[in-house]
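Biologist: I am new to this structure and should be grateful for a close look at a single part of it. Please take the place where the two chains meet, and then follow the elements that lead inward from there.

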Protein chains: 2
Amino acid sequence: MIEIHPVEGLPEIREGDDLAALIAERARFADGDVLVVAQKAVSKAEGRVVRLAEIEPSDDARELAADEDPRRLQVILDESVRLVRTRPPLVIAETRHGLVCASAGVDASNAPAPETVVLLPEDPDASAASIRDRLRALTGAEIGVIVSDSFGRAWRQGTTDVAIGVAGIQPLHDLKGVRDPAGYELHATVIAVADELAGAAELVMGKTAGIPAAVIRGVAARGEGSAKDLVIPADRDLFR
Amino acid sequence: MIEIHPVEGLPEIREGDDLAALIAERARFADGDVLVVAQKAVSKAEGRVVRLAEIEPSDDARELAADEDPRRLQVILDESVRLVRTRPPLVIAETRHGLVCASAGVDASNAPAPETVVLLPEDPDASAASIRDRLRALTGAEIGVIVSDSFGRAWRQGTTDVAIGVAGIQPLHDLKGVRDPAGYELHATVIAVADELAGAAELVMGKTAGIPAAVIRGVAARGEGSAKDLVIPADRDLFR
């Protein structure tokens, strides 16, 4: 059996907050547990917030903005290495981390102040590792950590939460041990366990409930890996 | 808290099996529980199995097959209304249900016999409704049912389980009540709860463990809807 426990009662997270300590005060951990933390909380603690007043939009940003704020689009362009699809003001982009997502992960909702937007963590794997290390120091428990974000999907309606940073987690479960380089998408032999864990945690978190973290117990996901393992290599990507 | 219980000890499912009764003998249900059943088990019970010996491959199927069995590719073409991407023998197709997935859901793994392939249920929502009705009759419990399948994703490595049929479940959780027709992918306000539930159930099912069903307790997902709600309408689909 798997249990998913929400971490309730966390305050609004601010830059410089010791997020791991705030969580440790409100949750119990055992070896093997997986903590899922919403990217927004991690980014806020890390100060990954941009004030739009400081942004000068380019012509490209103005064009992509349609009727929306071109400064927000400029931040999205600054976070992107490649635009995958655009339909102003909608932008799906590849971020510097290699993630493909709406707005390059730049989000105005739940931002700490008006006229600000929140960026993804600079290195989400490192953010996860830092939280894991701090929680080990505080609680003694050897846990896995996932930094999650809500991504839209091609062809499917609605978002699901996925893993953008991991520590102490094997993000993929490869049932064959060896992948078929031509047909791997045909055969469901590699399971994106970290993404399923992130989605499962979302079920108790919710965006409006103010619960940015959850503890999952009973999953054998321990291992080492990077959330970059969850990105399809360019030479296999049929949708570039 | 959410609990996810595997339904253990199910036999290999055969055509005509009363899948709901087999599950009811091995699981307990309370009102509000969500049963997730793997598509493969549902399809087998419904006899959705094709013997390749009866298939005559077309020239198109031979071309798409590369070094693989062209008869399997013919079955995929028969199940498809549109090919989205092809890289022989890999085919990503839109099925008659409107789903976009590898091989139009046609799968040779875990098939009931050699030289056979398993198709998706003809109407997965109806399959889910039939299981829900039968379980209500057997147990008295008012539950939701999800028929799940493992789908690959654009840009992301590995599969996650998603909902291809639902009954008694509201598949999308719309946080705003009203969707923004232009920017809905920008703002994570519509959550694909049914897909997250399917993925969460996969965490206890596993493809090799022979556990094709799981019961999720503690989720407020009750409602009415169709798995078709989880497919992006064509006019909003940036990836057609």
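Modeller: The account below begins with the meeting of the two chains and then moves into chain B.

The model is a predicted one. Some background on chain A helps first. Its secondary structure comes to six helices and twelve strands. The C-alpha trace of chain A spans about 50 × 45 × 25 Å along its principal axes. A compact globule of 240 residues would have a radius of gyration near 18 Å, and the 18 Å of chain A agrees with this. Buried residues make up 55% of the 240 residues in chain A. Of the contacts in chain A with a separation of 6 or more, 63% are accounted for by residues 24 or more positions apart.

Where the chains meet, 53 residues of chain A are in contact with 53 residues of chain B. On the side of chain A that touches chain B, at least two residues each are supplied by strands S1 (2–6), S4 (80–87), S5 (90–95), S6 (100–102) and S11 (190–191) and by helix H6 (193–205) of chain A. H6(A) gives the most to this side of chain A, with eight residues. By character, the residues of the side of chain A that touches chain B divide into 28 nonpolar, 13 polar and twelve charged.

How are the two copies related? Two copies of a chain are related by a rotation about an axis and a shift along it. Here a turn of 180° and a shift of 0.0 Å along the axis lay chain A on chain B with an RMSD of 0.0 Å. That is the relation of a two-fold axis. The same surface serves both copies, for 100% of the contact residues of chain A recur in chain B.

Strand pairing also crosses from one chain to the other. Strands of a sheet pair through backbone hydrogen bonds, either parallel or antiparallel. S1(A) and strand S1 (residues 2–6) of chain B pair in the antiparallel sense over three bridges. In this pairing Glu3(A) stands opposite Glu3(B) in S1(B).

From S1(B) the pairing can be followed into chain B. S1(B) and S12(B) are paired in the antiparallel sense over four bridges, and the bridge partner of Pro6(B) in S12(B) is Ala214(B). Strand S12 (residues 213–217) of chain B is mostly covered, with four of its five residues buried. S12(B) is also joined by four bridges to strand S2 (residues 34–38) of chain B, and these two run antiparallel. Val34(B) stands opposite Ile216(B) in S12(B).

A further sheet of chain B is open and consists of three strands in the order S4-S5-S6, with antiparallel pairing. Its edge strands are S4 (80–87) and S6 (100–102) of chain B, each of which pairs on one side only. The twist averages 25° from one strand to the next. Strand S5 (residues 90–95) of chain B pairs with S6(B) in the antiparallel sense over three bridges, and Glu94(B) has Val100(B) in S6(B) as its bridge partner.

The loops between S4 and S5 deserve attention. Most residues other than glycine have a negative phi, and most peptide bonds are trans. A cis peptide bond joins Pro88(A) and Pro89(A), with omega about 5°, and Pro89(A) has its place in the loop between S4 and S5 of chain A. In chain B, the peptide bond from Pro88(B) to Pro89(B) is cis, with omega near 0°. Pro89(B) is placed in the loop between S4 and S5 of chain B.

Helix H4 (residues 70–79) of chain B lies across S4 and S5 of chain B and runs at about 25° to S5(B). Eight of the ten residues of H4(B) are buried, so this helix is largely enclosed by the rest of the structure. Among the buried residues of H4(B) are Pro70(B), Leu73(B), Val75(B) and Ile76(B), and also Arg71(B), Arg72(B) and Glu79(B). The buried residues of H4(B) pack against strand S3 (49–51), helix H3 (59–65), S4, S5 and strand S7 (116–118) of chain B.

Beyond S6(B), the loop between S6 and S7 of chain B holds Glu115(B). Phi of Glu115(B) is near 65°, a positive value in a residue other than glycine. With 15 C-beta neighbours inside 10 Å, Glu115(B) counts as partly exposed.

Key:
Residues numbered from 1 in each chain as written. Chains lettered and ligands numbered in written order. Predicted model: local features only at pLDDT ≥ 70, side-chain atom pairs only at ≥ 80, totals over all residues. Contact = placed C-beta atoms within 7 Å. Nonpolar A, V, L, I, M, F, W, Y, C, P; charged D, E, K, R; others polar. Pairing = 2+ DSSP bridges. Axes fitted to C-alpha atoms, helices over the stretch in contact; angles between N-to-C directions. Buried ≥ 20, exposed ≤ 12 C-beta atoms within 10 Å, placed from the backbone. Rg over C-alpha atoms; globule rule 2.2 N^0.38 Å. Least-squares fit on C-alpha atoms with pLDDT ≥ 70 in both.
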